[in-house]
Amino acid sequence: MSAEYRIEGLARESGATVRTIRGYLDRGLLPRPERRGRANVYGEAHLARLREIADLLDRGYSLAAVKELREAWDTGRGLGWVLGPAAEVDGPWTDEEAVRISRAELDERFGGERDDRAVAEALELGVLERIPGRDDLFLVPSPQELSVAAELYAAGVPLRAMSGHLRELRGQIEQIATRFVEFTTEHVFASYTGHRPPTEGEAAEAAALVRRLRPLAQRSVDAELARAMRLFATRHLRRRPAGEETPPEPVETSTVALPRSTIRAVEALVGAADAAAFITAATEREVQARTLDALAPTTRQSGDISQKG
């Protein structure tokens, strides 16, 4: 005989409050209970649904997103589509494991002097994370990223210049990641995200595709980065015969008036010596981003026209 509950008993078994259960009923997240006389009776299906909702909320889904899964639940397909591909997407995209580093070890790797501002910037960028209750110990999510920073510092790159470089690099990498996700969604996952709810088999296929795409994203970036580095390293870093100098290319310049408050803010961020270079780099990055954004809709529209034809 299956278990039956009044709402108070269901709350005890599920860990949800009575108020929460009633809220889920009002939102349509739970099926209505069976009415027996003047009492509402809940069953094992209600308990299972509450546990599924709690699991999805723990994964970061909103109640609105959970509500969209009601059709999958009610048609008996379960959560295969969500907990299959979504679980793969939420899984690790790198084989790196986070490590801990003490403040003393950190200072030693970067010149042996205490630099609170550099640590604050590293925390802001996520290169370091605080460990609750420990001011002298940090978590390093990507040891490889910290190692690269230490090598660049040893080669003569100032920490403040490194922070600006990382911010700019992340913006560009995020654009690449966005393009890759849009590309694969259009050409790989489109058949799984139509109006018809996917079957469990299709959900398993999509999850397997996510697993295959993880290394492909990094490999494609690695290959293109190697090509670009070979091109530009040959152009700019190749040793030339002694005494031979390459005349600098003429650069047209113009004067642009900026508010003093803007200049002061930039100087506070990167220092007065690097302010002009920072403003120039930020402007070039914005121009490149707008150019990409302008081209992307054109590409999509032309693709739509060809498909309609």
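Helix α2, which spans residues 18-27, is a convenient place to enter this structure, and Arg27 belongs to that helix. The model described here is a predicted one. With a relative accessibility of 44%, Arg27 counts as partly exposed, because that class lies between the limits of under 20% for buried and over 50% for exposed. Setting aside residues up to four places away in sequence, Arg27 touches Leu63 and Lys67. The first of these partners shows how the fold brings separate parts of the chain together: Arg27 and Leu63 are 36 residues apart in sequence, while their C-alpha atoms are 9.0 Å apart in space.

A wider view places this helix in its setting. The chain contains 14 helices and 6 strands. It has 309 residues, and 26% of them count as buried. Among contacts with a separation of 6 or more, 59% are made by residues 24 or more positions apart. The chain exposes about 21,800 Å², and 54% of that area is supplied by carbon and sulfur atoms.

Turning to the strands, an open sheet is built from 3 of them, arranged in the order β1-β3-β2 with antiparallel pairing. The edges of this sheet are taken by β1 (4-5) and β2 (34-36); each has a single partner strand, so one side of each is left without a neighbour in the sheet. The pairing of β1 with β3, the strand of residues 39-43, is antiparallel and runs over 2 bridges. Within this part of the model, Tyr5 stands opposite Tyr42 of β3.

The interior offers one further feature to look for. The structure holds 1 cavity of 30 Å³ or more, and the volume of the largest cavity is about 40 Å³. The residues lining the largest cavity are Glu121, Arg160, Ser163, Gly164, Arg167, Leu269, Val270 and Phe278. Two or more lining residues come from each of two helices, α11 (159-187) and α13 (260-270). Of the elements involved, α11 gives the most to the lining, with 4 residues. In terms of class, the lining of the largest cavity is mixed, with 3 nonpolar, 2 polar and 3 charged residues.

Conventions
Residues are numbered from 1 along each chain as its sequence is written. This is a predicted model: local features need pLDDT of at least 70, side-chain atom pairs count only at pLDDT 80 or more; totals for chains, interfaces and linings use all residues. Side-chain values use heavy atoms; hydrogens and water are left out. On a 1 Å grid over the protein atoms alone, a cavity is a set of points where a 1.4 Å probe fits but cannot get out, and a pocket is an open set with protein on both sides within 12 Å along at least five of seven lines; lining residues have an atom within 4 Å of a point. Grid points are joined across faces, edges and corners, and a volume is the space filled by probe spheres set on the points. Ala, Val, Leu, Ile, Met, Phe, Trp, Tyr, Cys and Pro count as nonpolar, Asp, Glu, Lys and Arg as charged, and the others, Gly among them, as polar. Buried means under 20% relative accessible area, exposed over 50%, partly exposed in between (1.4 Å probe, protein chains only). Contact means heavy atoms within 4.5 Å. Accessible areas come from the Shrake-Rupley method with a 1.4 Å probe; for residues, only the protein chains shown count as cover. Two strands pair if DSSP finds at least two bridges between them.
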